[in-house]
Amino acid sequence: MVEESRQAEIVVIGAGPGGYAAAFRAADLGKEVLLIDRDSELGGVCLNRGCIPSKALLHISKAMDEAERLSKMGVTYGKPEIDIDQVRDHKNKIVSQLNSGIAQMANARKVEIIKGLASFVSNTELKVQTDMGNVSVTFGQCIIAGGSTSVALPGVPMDHPSVLTSRTALELKDIPEKLLVIGGGVIGLELGQVYAALGSKVSVVEFLPTLIPGADQDLVKPLQRKLNKQFESILLSSKVTAVEPNNDDTLNVIIENNKGEFREVYSKVLVAIGRRPNTNLIDIKNTDVRIDDKGYIKVDVYQRTSVKNIFAIGDIIGDPMLAHKATYEGKVAADVASGLPAAFDARAIPSVVYTNPEIAWAGLTEKEAKNDEIPYKKGEFPWSASGKAMILDASQGKTKIIFDPETKQVLGVGIVGPSAGDLISEGMLAIEMGADAEDIGLTIHPHPTLGESFAGAAEVFEGTATDLYVPK
Ligand code: NAI
């Protein structure tokens, strides 16, 4: 095997949204940067087999649902015809356009790319296994952005072709007749809705008594009502105890809950029970970087690990495993590594579930406030009072703002309804800027829009709402 030696001021492991942001920021600050990724394309899980392909498919499923609901408004389309090859090509085209965009940006910044698997040799040296042989890289500073992988479920033959993870589910090889989703979290419900729209009979098994357990359940309720119609069944407080392949590649699944044990045959099973950090891939034991008992790398507010010249960002340092959190952290790490004063000091990180309807929240949830006994008051604006929501057939939606009862500043925001993921940005700005209820209520919002519901929620809290009658 060819042995090559390289040196870099800053080396970044992983070219996902955190890693490439870190590499590009460091290059923009004048550093000589080497970016390493084992994938053939840049962009990481988010671009290649996560956020972007899933949202491309969710857009199609939402448009199909909207077209169907138009029949209530007097316009009826025929049954949709699905060309799965074209759907797949469409999704792949978006991914490859973005892949080349990142490659061009790396090129313009003179960020050098090595395609291969990086592992540590010491606190200042990496070994990269590439198709052309091993490359030894010595570095001044390193930013680890190695990401995460789907968790496997014990008792499930994860390498069986009918057992899917988010990665293989997004390859969209075919449309299974009966799909069982294990895990009623973000991935399970987003991909469950995609497959239901494409024609699969989808069932969900969730271990806990609620879907999307991290979210406030009043926000989950409108989604659950919709899923009750779209899915064959939603089994809560249930677990899969065994998955056994049949000769025809279908799967025999045993599900257990307080009603007993059931056996059911599914064409495919999607395992979406969480993700784990990729720390095992990079030989971290050859460094003095400290990890916790789950394998997450420990960092301080400067994204610095226990080794001064090694930083870590994104999924590999822990929850929430979100692209926008990784990007923010990547820029902090690049700034600090380049000698600028920076730290992770964001007040909140928004979460979005891109289902239909979407659910989004930021900052304090009511669930957290109750659990941690944090005093709060809330203002809620039901979308049944919004003209725009009625126009969109979205009156099930809701916007709520959680306030500090003393200062009336925004502590948290929760939204359910179409475009909740876009609308939450206004809540984020309010949290970051320390806005209070009056600031929001007195900000003129355009009419008719869904964004008005944000000012509406503040007005409900203030007692100044005129679009609703709130008894005193
Ligand atoms: P998740 O943590 O959102 O949901 C996993 C669900 O599986 C939980 O509700 C959990 O109670 C359940 N579960 C665990 N073990 C189980 C078992 N044995 N049987 C049945 N249910 C079980 O994890 P998910 O959906 O795999 O996503 C992983 C991470 O990826 C998310 O936490 C999120 O950070 C990220 N992600 C974010 C997206 C977004 O922002 N829209 C989209 C997709 C993923």
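Arg263 is exposed, with a relative accessible area of 53%, where exposed stands for over 50%, buried for under 20% and partly exposed for what lies in between (1.4 Å probe, protein chains only). The model is a predicted one, in which local features need pLDDT of at least 70 and side-chain atom pairs count only at pLDDT 80 or more, while totals for chains, interfaces and linings use all residues. Residues are numbered from 1 along each chain as its sequence is written, and side-chain values use heavy atoms, with hydrogens and water left out.

**Exercise 1.** Find the salt-bridge partner of Arg263 and state which strands hold the two residues.

Solution. Step one applies the criterion, a side-chain nitrogen of Lys or Arg within 4 Å of a carboxyl oxygen of Asp or Glu. The side chain of Arg263 satisfies this with that of Glu244, at 3.6 Å from N to O. Step two places the pair: Glu244 belongs to strand 12 (residues 239–245) and Arg263 to strand 14 (residues 260–266), so the bridge ties together parts that are 19 residues apart in sequence; here strands (E, at least two residues) and helices (H or I, at least four) are DSSP runs, numbered from the N terminus. Step three turns to accessibility, where Glu244 counts as partly exposed at 33%.

**Exercise 2.** Determine how many salt bridges the rule yields, and describe the one formed by Arg69 and Asp393.

Solution. The count comes to 28 salt bridges. In the bridge of Arg69 and Asp393, the N to O distance is 3.0 Å. This pair links distant parts of the chain, 324 residues apart, since Arg69 sits in helix 3 (residues 51–69) and Asp393 in the loop between helix 10 (387–391) and strand 21 (398–403). The relative accessible area of Asp393 is 24%, which makes this residue partly exposed.

**Exercise 3.** Is Glu366 buried or exposed, and which network of salt bridges does this residue belong to?

Solution. Begin with the pair Glu366 and Lys378, whose closest N and O atoms are 3.1 Å apart in a salt bridge. Glu366 is in helix 9 (residues 366–371) and Lys378 in strand 20 (residues 377–382), 12 residues apart, and the pair links distant parts of the chain. Glu366 is buried at 7% relative accessible area, whereas Lys378 is partly exposed at 36%. The network then joins Glu366 and Lys378 with Asp216, Asp218, Lys370, Glu380, Lys398 and Lys400.

**Exercise 4.** Identify the cysteines that form the disulfide and give the handedness of their link.

Solution. The structure holds one disulfide, the criterion being a pair of cysteine sulfur atoms within 2.5 Å. Cys46 and Cys51 form this disulfide, with their sulfur atoms 2.3 Å apart, and the angle of -135° about the S-S bond makes the link left-handed. Cys46 is buried at 16% relative accessible area, while Cys51 is partly exposed at 28%.

**Exercise 5.** Which backbone oxygen does the side chain of Ser162 reach, and what else does Ser162 touch?

Solution. First locate Ser162 in the loop between strand 7 (148–150) and strand 8, where Ser162 is buried at 5% relative accessible area. The side chain of Ser162 reaches the backbone oxygen of Asp249 at 2.5 Å. Leaving out residues up to four places away in sequence, Ser162 touches Asp249, Leu251, Ser267, Lys268 and Val269, contact being heavy atoms within 4.5 Å.

Methods
A polar contact is a pair of N or O atoms within 3.5 Å; within protein, one must be able to donate a hydrogen and the other to accept it, and residues adjacent in sequence count only if both atoms are side-chain atoms.
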